[in-house]
Amino acid sequence: MPSIAPDKAALMPSDQQGLPLSGKSVLIIEDEALIALSVESCLLAAGAAVVKIANSISASQSALDEGIPVDAAIVDLYLGDDNAYPLVQILSERGIPVVITTGDEIDLGDPALSYAVAFLQKPHADSELIEAIVEWAVPPHHQGAPVASKQVR
């Protein structure tokens, strides 16, 4: 299994231009292939022009090193035996809004997570994910505190 899925560029016919993620580029960092593909499908249906999938911390860093502009990142907080806390900080320092998705319990008070703009507990609705990305990746950026779209225990 390759560590980075091939880019999926959606052509933007006129009917996609009014979609919420029209023309946006999103990096999905998720180690569960079925979840990553489902999220990819959701993003493309919402008009994303480029969706890149990375299934590990190193694949994520390689994707970032390619220099492709990224408007937002969706990060599974736990990738195998690794946690993505440092990656969340790196993405944020590059000005990339980070939406954390997890099926695990997390401590929202952890300083490492202060860089994320939203938290979604898995399973979540596609609409919640799109809403979180639009809130932060589609100008004008909202400058409020991170939101928990679903209660994380």
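Let's start with a side chain. T102 reaches the backbone nitrogen of D104 with its side chain, at 3.0 Å. Keep in mind that this is a predicted model.

Where does T102 sit? It belongs to strand β7, which covers residues 98-102. T102 is buried, and its relative accessible area is 1%. Now its contacts, leaving out neighbours within four places in sequence. T102 meets D76, L77 and Y78, and also L120, Q121 and K122.

Take Y78 from that list, because Y78 is one of the two residues whose rings form a tilted pair. Searching the whole structure turns up one aromatic pair. The partners are Y78 and Y85, with ring centres 6.3 Å apart. Their planes are at 50 degrees. Why tilted? Planes under 30 degrees apart would be stacked, and over 60 would be edge-to-face, so 50 degrees counts as tilted.

Are these two tyrosines buried or exposed? Y78 is partly exposed, at 26% relative accessible area. Y85 is buried, at 13%. The cut-off for buried is under 20%, so Y85 falls inside it.

Next, L21. This residue is in the loop between β1 (8-9) and β2 (25-29). Loop or not, L21 is buried, with 0% relative accessibility.

What does L21 touch, beyond residues up to four places away in sequence? One group is L43, A46, G47, A48 and A49. The others are I130, I133, V134 and V138.

One last distance. L21 and A137 are 116 residues apart in sequence. In space, their C-alpha atoms are 8.6 Å apart.

That's it from me.

Methods: Residues numbered from 1 in each chain as written. Predicted model: local features only at pLDDT ≥ 70, side-chain atom pairs only at ≥ 80, totals over all residues. Heavy atoms only, no water. Phe/Tyr/Trp six-rings, centres within 6.5 Å; stacked < 30°, edge-to-face > 60°. Buried < 20%, exposed > 50% of the residue type's maximum accessible area, 1.4 Å probe, protein only. Helix = DSSP H or I, 4+ residues; strand = E, 2+ residues; numbered from the N terminus. Polar contact = N/O pair within 3.5 Å; in protein donor to acceptor, adjacent residues only side chain to side chain. Contact = heavy atoms within 4.5 Å.
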